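Please take a moment to look over the sequence and the model, and then follow the walk through them in the paragraphs below.

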Amino acid sequence: SGSQLATEILSLRQDPVRHCVLLTSPQTVSDQFVHVRPLLAICDSSCRSGKSSGSPPYGTVGIFSLKTGKEVIKEYSFTQEVSSLSSNSRIVLVALQTEIHGLDAES
């Protein structure tokens, strides 16, 4: 009954967000996050878990579960600001000013 269209995907109170990308789901059985997908990668001006106090503003990428709502699945901290985020079903690329990091999309 009713439409299959989403009216709200995610509602979070965030600090200013610089980058946000929906992560493509891998099509393998070894995916550690299959139970919490779909996932969203967000780079905002703060750190979610508090473990990354050495990171500059916009130097942390948090992976959020859209299935569970506000749960932070994983957090990556960098010593430089994140310049861009992109992903496919195998890798999440995090570009910094002088480096590019490839993160396994399944772990």
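In which strand does Ser 87 lie? In this predicted model, Ser 87 belongs to strand β5, and that strand spans residues 82–87. Is Ser 87 buried, partly exposed or exposed? Its relative accessibility is 25%, and because buried means under 20% and exposed means over 50%, Ser 87 counts as partly exposed. If neighbours within four places in sequence are left aside, Ser 87 is in contact with Leu 22, Leu 23, Thr 24 and Val 92. A further residue to look for from here is Ala 105, which is 18 residues away from Ser 87 in sequence and 8.0 Å away in space, taken from C-alpha to C-alpha.

From this one residue we can step back to the whole chain. The chain contains zero helices and seven strands, so that its pattern, read along the sequence, is β-β-β-β-β-β-β. Of the 107 residues in the chain, 38% are buried. Among the contacts between residues at least 6 apart in sequence, 44% join residues that are at least 24 apart.

The strand that holds Ser 87 also leads into the pairing of the later strands. β5 and β6 pair in the antiparallel sense over five bridges, and together they form a hairpin with three residues between them. Within this pairing, Ser 84 stands opposite Ala 95 in β6. The next pair continues along the chain: β6 and β7 run antiparallel and are joined by five bridges, and they too form a hairpin, with three residues between the two strands. Here Ile 91 stands opposite Asp 104 in β7.

Leu 96 is a useful residue at which to pause, since its place is in strand β6. At 7% relative accessibility, Leu 96 counts as buried, because the value falls under 20%. Leu 96 and Ser 84 are 12 residues apart in sequence, and their C-alpha atoms are 7.1 Å apart in space. With the neighbours within four places in sequence left aside, Leu 96 is in contact with Phe 78, Gln 80, Glu 81, Val 82, Ser 83 and His 101.

Beyond the pairing of strands, one may ask what gathers in the interior. Which members of the largest nonpolar core touch the most other members? The core has 20 residues, and those that touch the most other members are Val 61, Ile 63, Val 82, Leu 85 and Val 94. At least two residues of this core are supplied by each of β1 (17–23), β2 (39–44), β3 (60–65), β4 (72–77), β5 (82–87) and β6 (91–96). Val 61 can serve as an example of how such a residue is surrounded: apart from its neighbours within four places in sequence, Val 61 is in contact with Ala 41, Ile 42, Cys 43, Lys 74, Glu 75, Tyr 76, Phe 78, Val 82, Leu 85 and Val 94.

Cys 43, named among those contacts, counts as buried, because its relative accessibility is 0%. Cys 20, by contrast, has a relative accessibility of 48% and therefore counts as partly exposed. How many disulfides does the structure hold? The number of disulfides is zero.

The packing also leaves some enclosed space. There are two cavities of 30 Å³ or more, and the largest cavity holds about 90 Å³ of space. Its lining consists of Leu 23, Phe 33, Leu 39, Ile 63, Ile 73, Lys 74, Tyr 76, Val 92, Leu 103, Asp 104, Ala 105 and Ser 107. β4 and β7 (100–104) each supply at least two residues of that lining, and β4 gives the largest share, with three residues.

Two places in the loops deserve a closer look at the backbone. Pro 38 is found in the loop between β1 and β2, and the peptide bond that joins Arg 37 and Pro 38 is cis, with omega at about 10°. Tyr 58, in the loop between β2 and β3, has a positive phi of about 60° although it is not a glycine. At 15% relative accessibility, Tyr 58 counts as buried, because that value is under 20%.

How values were computed: Residues numbered from 1 in each chain as written. Predicted model: local features only at pLDDT ≥ 70, side-chain atom pairs only at ≥ 80, totals over all residues. Heavy atoms only, no water. Core = buried A, V, L, I, M, F, W, Y, C linked by side-chain atoms within 4.5 Å. Buried < 20%, exposed > 50% of the residue type's maximum accessible area, 1.4 Å probe, protein only. Helix = DSSP H or I, 4+ residues; strand = E, 2+ residues; numbered from the N terminus. Contact = heavy atoms within 4.5 Å. Pairing = 2+ DSSP bridges. Disulfide = S-S within 2.5 Å. 1 Å grid on protein atoms, 1.4 Å probe; cavity = no way out; pocket = protein on both sides within 12 Å on 5 of 7 lines; lining within 4 Å. Points joined across faces, edges and corners; volume = space filled by probe spheres on them.
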